[in-house]
Amino acid sequence: SMAAPGRVARALDLGRAGSLARRWLLADLRVADGQPRCELTDSLTARAAEGGAACVFYTAALAELLRLVAGIEGAVVHHSCRGQGERSCIWLTAPTEGLE
């Protein structure tokens, strides 16, 4: 089957994206339930901008990282926010079906 090499390539691309996220954003990007999931427990940027304002930067950076490195188009949703009192910031990718 030709699907397996595509899945392997996608996994490698997501692995590269995860390495870059850890290095440059200090965020943990990995696959959970078949979808990219990114978690940030602490950052100077997030602490400096209370109320989650810095999270707009992280949301855009993660979306662009996933697009450029892993070829994943679509929205990145800020699911949980440390600036709003949550334990950590979590971003999930939104399904692209129906988004035009």
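Before we look at any residue, let me say what I mean by buried: a residue is called buried when its relative accessible area is under 20%, exposed when that area is over 50%, and partly exposed in between. With that in hand, take glutamate 39, which counts as buried because its relative accessibility is 13%. Please keep in mind throughout that what we have here is a predicted model.

Let me start with the overall plan. The protein has three helices and four strands, and if you read along the sequence, these follow the pattern α-β-β-α-α-β-β. Of its 100 residues, 31% count as buried. When we take the contacts between residues at least 6 apart in sequence, 48% of them join residues that are at least 24 apart.

Now to the charged side chains. As a general point, side chains of opposite charge can pair when their charged atoms come close. A search of the whole structure finds five salt bridges, and I will go through some of them.

Glutamate 39, with which I opened, meets arginine 37 in a salt bridge, with 3.3 Å from N to O. Is arginine 37 buried or exposed, or does it fall in between? At 25% relative accessibility, arginine 37 counts as partly exposed, whereas its partner glutamate 39 counts as buried at 13%. The pairing also belongs to a network of salt bridges, in which Arg37, Glu39 and Arg87 are linked.

A second example joins glutamate 64 to arginine 67, and here the closest N and O atoms are 2.6 Å apart. How are these two placed in helix H3? They are three residues apart in this helix, which covers residues 55-70, and therefore about one helical turn separates them. Glutamate 64 is partly exposed, at 35% relative accessibility, and arginine 67 is also described as partly exposed, with a relative accessible area of 34%.

A third salt bridge is formed by arginine 30 and aspartate 28, whose closest N and O atoms are 2.9 Å apart. Arginine 30 counts as exposed because its relative accessibility is 51%, while aspartate 28, at 24%, counts as partly exposed.

Let me turn next to the empty space inside the model. Rolling a probe the size of a water molecule over the atoms shows where empty space is left. In this structure there is one cavity of 30 Å³ or more, and the largest cavity holds about 30 Å³ of space. The elements that give two or more residues to its lining are strand S2 (35-40), H3 and S4. Among the lining residues are Leu29, Pro36, Arg37, Leu66, Trp91 and Thr93, so you will recognise arginine 37 from the salt bridge with glutamate 39. By type, the lining divides into eight nonpolar residues, one polar and one charged.

Finally, I would like to stay for a moment with threonine 93, another of the residues that line the largest cavity. Threonine 93 lies in strand S4, which covers residues 89-93, and it counts as buried because its relative accessibility is 13%. With which side chain does the side chain of threonine 93 make a polar contact? The partner is the side chain of glutamine 35, at 2.8 Å. If we leave out residues up to four places away in sequence, threonine 93 touches Gln35, Pro36, Leu66, Ala75 and Val76, and of these, Pro36, Leu66 and Val76 also appear in the lining of the largest cavity.

How values were computed: Residues are numbered from 1 along each chain as its sequence is written. This is a predicted model: local features need pLDDT of at least 70, side-chain atom pairs count only at pLDDT 80 or more; totals for chains, interfaces and linings use all residues. Side-chain values use heavy atoms; hydrogens and water are left out. Buried means under 20% relative accessible area, exposed over 50%, partly exposed in between (1.4 Å probe, protein chains only). A polar contact is a pair of N or O atoms within 3.5 Å; within protein, one must be able to donate a hydrogen and the other to accept it, and residues adjacent in sequence count only if both atoms are side-chain atoms. Contact means heavy atoms within 4.5 Å. A salt bridge is a side-chain nitrogen of Lys or Arg within 4 Å of a carboxyl oxygen of Asp or Glu. On a 1 Å grid over the protein atoms alone, a cavity is a set of points where a 1.4 Å probe fits but cannot get out, and a pocket is an open set with protein on both sides within 12 Å along at least five of seven lines; lining residues have an atom within 4 Å of a point. Grid points are joined across faces, edges and corners, and a volume is the space filled by probe spheres set on the points. Ala, Val, Leu, Ile, Met, Phe, Trp, Tyr, Cys and Pro count as nonpolar, Asp, Glu, Lys and Arg as charged, and the others, Gly among them, as polar.
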